[in-house]
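Got a fold on the screen and not sure where to start? Let's walk through it together, one feature at a time.

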Amino acid sequence: MTFLEDIGVGDVARFGSYRVEREEVLAFAKAYDPQPFHLSEEAAAATHFGRLSASGWHTASMAMAMIVAHFRETGFQSIGSPGVDELRWLKPVYPGDTLHCETEVLETRRSASRPEMGFVISRWTVLNQDDVAVMTMRPTVMIRTRGV
């Protein structure tokens, strides 16, 4: 299990593999981000995307799936998050891309009012199969502390 005390500033992890499928791009867009360039090859071709691209919100969701799988594999004792700062979509994500993640710990601190928990602030980078960054964000994750 991984608790607050096990995490250090500067820790880096690389993990995950998520293949972006056309049908999933279309289904996500239809349900949550029905902009033409996420729904139609023809509409997307007329934009700077050039072809069908995943919604940025879909990219964030794919990243979250990889993060949660990584938390489970490492025993990271996440107990939620108060939010995300600096979310950036840097490059389009296309059907056929395979995404992976890199995290770097920027700050850790124990809660002043809740000794059973602390906070980890990290930079999450989502990269495609060419190791090109397609999305970054800076979340704060709440984590259990050891022995409280």
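Below, a learner asks and a teacher answers, going from the whole chain down to single strand pairs.

Q: Before anything else, what kind of model is this?
A: It's a predicted model, so keep that in mind as we go.

Q: How many helices and strands are there in the chain?
A: Four helices and five strands. Along the sequence they follow the pattern β-α-α-α-α-β-β-β-β.

Q: What does the C-alpha trace span along its principal axes?
A: About 55 × 30 × 25 Å. As for cover, 42% of the chain's 148 residues count as buried, meaning under 20% relative accessible area. The accessible surface adds up to about 8,000 Å², with 52% of that belonging to carbon and sulfur atoms.

Q: Now the sheet. What holds strands together in general, and in what order do they sit here?
A: Strands of a sheet pair through backbone hydrogen bonds, in either a parallel or an antiparallel way. Here you have an open sheet of five strands in the order β1-β3-β4-β5-β2, and the pairing is antiparallel. At the edges are β1 (12–19) and β2, each pairing on one side only. From one strand to the next, the twist averages 20°.

Q: Which helix packs on the sheet?
A: That's α4, residues 56–74, which touches β1, β2, β3, β4 and β5. Its direction makes about 120° with that of β1.

Q: How do I read a strand pair, and how many bridges join β3 and β4?
A: Pick the two strands, check their sense, then look for residues that face each other. Strand β3 (residues 98–110) pairs with β4 in the antiparallel sense over ten bridges. For a landmark, find C101, which stands opposite V126 in β4.

Q: And on to β5: which way do β4 and β5 run, and how many bridges join them?
A: They run antiparallel, with nine bridges joining β4 (residues 117–127) to β5. W124 has M137 in β5 as its bridge partner. The two strands form a hairpin with five residues between them, and D131 in the turn has a positive phi of about 60°.

Q: What about β2 and β5: how many bridges do they pair over?
A: Five, again antiparallel, with β2 covering residues 83–89. Look for D85, whose bridge partner in β5 is R138.

Q: Is β5 mostly covered or mostly open?
A: Mostly covered: nine of the twelve residues in β5 (133–144) are buried.

Q: Last one: how many charged side chains are there of each sign?
A: The chain has 15 positive and 19 negative side chains, and the centres of the two sets lie 4 Å apart.

Methods: Residues are numbered from 1 along each chain as its sequence is written. This is a predicted model: local features need pLDDT of at least 70, side-chain atom pairs count only at pLDDT 80 or more; totals for chains, interfaces and linings use all residues. Side-chain values use heavy atoms; hydrogens and water are left out. Buried means under 20% relative accessible area, exposed over 50%, partly exposed in between (1.4 Å probe, protein chains only). Two strands pair if DSSP finds at least two bridges between them. Accessible areas come from the Shrake-Rupley method with a 1.4 Å probe; for residues, only the protein chains shown count as cover. Lys and Arg count as positive and Asp and Glu as negative; His and the chain ends are not counted. The place of a charge is taken as NZ of Lys, CZ of Arg, CG of Asp or CD of Glu. Axes are lines fitted to C-alpha atoms, for helices over the stretch in contact, and angles run from 0 to 180 degrees between N-to-C directions. Contact means heavy atoms within 4.5 Å.
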